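Hi,

Here is the structure I promised to pass on. Have a look at it first, and then read on for my notes.

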Amino acid sequence: MEALLSRSAILLLLLLFRAFNLSSCDSFIGVNYGEVADNLPPPYATAKLLQSTAIEKVRLYGTDPAIIKALAHTDIGIVIGSANSDIPSLASDPSAAKSWIDSNVIPFYPASKIILITVGNEVLTFGDQNLQNQLLPAMQNLQDALNSASLGGKIKVSTVHAMAVLGQSEPPSSGAFKPGLTTLLKGVLDFNDANASPFAINPYPYFAYTSDPRPETLAFCTFQPNSGRLDSNTNIKYMNMFDAQVDAVRSALNSLGFKNVEIVVAETGWPYKGDTNEVGASIENAKAYNGNLISHLRSMSGTPLMPGKPVDTYLFALYDEDLKPGTTSERSFGLFKPDLTMTYDIGLSSKNSTKSGAAQSPTSTPTVTPSPTAAPTPTKGGVWCVPKAGLTAAQLQGNLNYACGHGIDCGPIKAGGACFQPDTLEAHAAYAMNLYYQTAGRDPKNCDFANTATLTSTAPSYNNCFLNSGNANINDTRANSSHISMSGVGPTRRLIDTCKWLFFIGLVCL
């Protein structure tokens, strides 16, 4: 009987272990590591740098053995790639694919955590019909070589696409691939679906802004407060370009019947410098986009069509590539300098990351957008951030979406949450706006919301859900219910860790 109870307890713990989806502890933040440069630090220094950050995945465009070796035993996921020029031989000769795996994977795996092989880059929009036709056979031959080496279920194979594979992207629900690429894409997607490999895409809101350089477009592209863009087909209001672009891809995949193929953002970024005619390329805008993107991913809000789950995203790029041709912006995407210092701070250091559980402050307003006027600061008692009187529903919803998309936990105002009542848009927006303000250091500029918010010394009467204030006791149980929740942070992480310990204790008891 005792043994039966013991086994039953362990089974229950195992179910709990699975239910909490411990894979959610893994980082969804990656970075692209290009090498078109003559001033890059040595690979071992880069490996040490990465270990000091929240970055847990690195995408290489090739198979540099020095880098792959340097990343051994770091537990950093590695994406390696075959060049477009490799595709013809990989497609025509299975032995060439085997040789490629034998040279670029077998000597390093599993010490170096290779997780994905990308075959070519943006091949379907490269303009070479022969190369396009050879893409799928090359992918299949590499997959077969992995299978032969008993690595087929451990390392995935895919390819990376430009957003130009879409023939339509607005509104997001109408996303569709270009008709001329549909046949090729169906073959690639059948492969992705059969092998559980991702559809990798390169969305760049920066380029959307350069084609429409209005202040409201900049706000939409950099996750700043804005009026949003309504998808009339779904009645979903999109509050940022990243979600809109990713959901357009999701719609295109769904329209071809590939609802189970996951999306990975293989590249996205914003240049911090450009030529005089390159609008929007500035440190302020780059910091706003990349920093707010990270906050958005950490909020676990997902996209409107894929809620509650962040998309694995690889930032572009780790370093500048000073030998790249073209405009200045092409050489100005680096998050770090060759001396390993940050180009600008977007909260990637481990002390600001989900590794340590510290909350990240929202990133400042980008350039071109007029500077907000700070709300007046009450001088006595507690301080709360609330919506101004007379706001429209669209303004309230925009503020709610913005706050909840920037790292705060809006679970309490969802159905069944401690602060769901009163179930009004004004109450929910006030909760989120105040929590955003409180967790961002109570800086008055974080209670602006495009001049639609104000600070007050009168505590709002919403079921004790506004205890966080200038005089609040941060150890108050109810105040802590409004604690920032990010992947692997705070109460959720502690609960997961508890379940893990219980599970392993149960195994020992068995």
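**Backbone oddities, to begin with**

E122 counts as partly exposed, with a relative accessibility of 27%. This residue sits in the loop between β4 (114-121) and α6 (129-148), and although E122 is not a glycine, its phi is positive, about 55°. Please keep in mind as you read that this is a predicted model.

H73 also has a positive phi without being a glycine, in this case near 65°. Its place is the loop between α3 (65-70) and β3 (77-82). At a relative accessible area of 70%, H73 is exposed.

Two cis peptide bonds are worth a look as well. One runs from E170 to P171, with omega near -10°, and P171 belongs to the loop between β6 (166-168) and β7 (176-177). Another joins F316 and A317, where omega is about 10°; A317 is in the loop between β14 and β15.

**The chain as a whole**

The protein chain has 15 helices and 16 strands. Of its 510 residues, 49% count as buried. How much of the contact network is long-range? Taking contacts between residues at least 6 apart in sequence, 72% join residues at least 24 apart.

**Helix α13 and its surroundings**

I spent some time on α13, which covers residues 425-439. Its 15 residues should span 21 Å at 1.5 Å a residue, and the C-alpha atoms at its ends are indeed 21 Å apart, so the two values agree. Just after the helix comes G441, with a positive phi near 90°.

Is α13 enclosed or open to the outside? Of its 15 residues, 12 are buried, so the helix is largely enclosed by the rest of the structure. The buried residues include H428, Y431, M433, N434, Y436, Y437 and Q438, along with several alanines, among them A427 and A430. Their cover includes β15 (384-387), α12 (393-404) and β16 (453-456).

The packing against α12 can be described further. The axes of α12 and α13 come within 8 Å and cross at roughly 40°. That angle makes α12 oblique to α13, and the crossing is left-handed. On the α12 side, the contact is made by A393, L396, Q397, N399, L400, Y402, A403 and C404. On the α13 side, the residues are L425, E426, H428, A429, A432, M433 and Y436.

**Two disulfides**

How many disulfides does the structure hold? It holds 2. In one of them, C385 and C447 are joined with their sulfur atoms 2.1 Å apart. This pair links distant parts of the chain: C385 is in strand β15, C447 is in the loop between α13 and β16, and 62 residues separate them in sequence. The torsion about their S-S bond is about 90°, so this disulfide is right-handed. Both C385 and C447 are buried.

The other disulfide joins C404 to C410, with an S to S distance of 1.9 Å. Here the torsion about the S-S bond is -95°, and the link is left-handed. Both C404 and C410 are buried. You may recognise C404 from the helix packing above, where it is one of the α12 residues in the contact with α13.

One further cysteine caught my eye: C221 is buried, with a relative accessible area of 0%.

**Around β14**

L315 lies in strand β14 (residues 313-315) and is buried, with a relative accessible area of 2%. Which residues does L315 contact, beyond its neighbours within four places in sequence? They are I29, G30, V31, N32, T268, N290, L293, I294, L335, I346 and L348. As for L335, it is 20 residues from L315 in sequence, and their C-alpha atoms are 8.8 Å apart in space.

K324 is in the loop between β14 and β15. Is K324 buried or exposed? Its relative accessible area is 18%, under the 20% limit, so K324 counts as buried. Leaving out residues up to four places away in sequence, K324 touches V36, F316, E330 and R331. Among these, F316 is the residue joined to A317 by the cis peptide bond described earlier.

Happy to talk any of this through once you have had a look.

Best wishes

Note on methods
Residues are numbered from 1 along each chain as its sequence is written. This is a predicted model: local features need pLDDT of at least 70, side-chain atom pairs count only at pLDDT 80 or more; totals for chains, interfaces and linings use all residues. Side-chain values use heavy atoms; hydrogens and water are left out. Helices (H or I, at least four residues) and strands (E, at least two) are DSSP runs, numbered from the N terminus. The expected span of a helix is 1.5 Å times one less than its number of residues. Buried means under 20% relative accessible area, exposed over 50%, partly exposed in between (1.4 Å probe, protein chains only). Contact means heavy atoms within 4.5 Å. A disulfide is a pair of cysteine sulfur atoms within 2.5 Å. Axes are lines fitted to C-alpha atoms, for helices over the stretch in contact, and angles run from 0 to 180 degrees between N-to-C directions. Angles under 35 degrees count as roughly parallel, over 145 as roughly antiparallel, 65 to 115 as roughly perpendicular and the rest as oblique. A crossing is left-handed if the near helix is turned anticlockwise from the far one by less than a right angle, and right-handed if clockwise.
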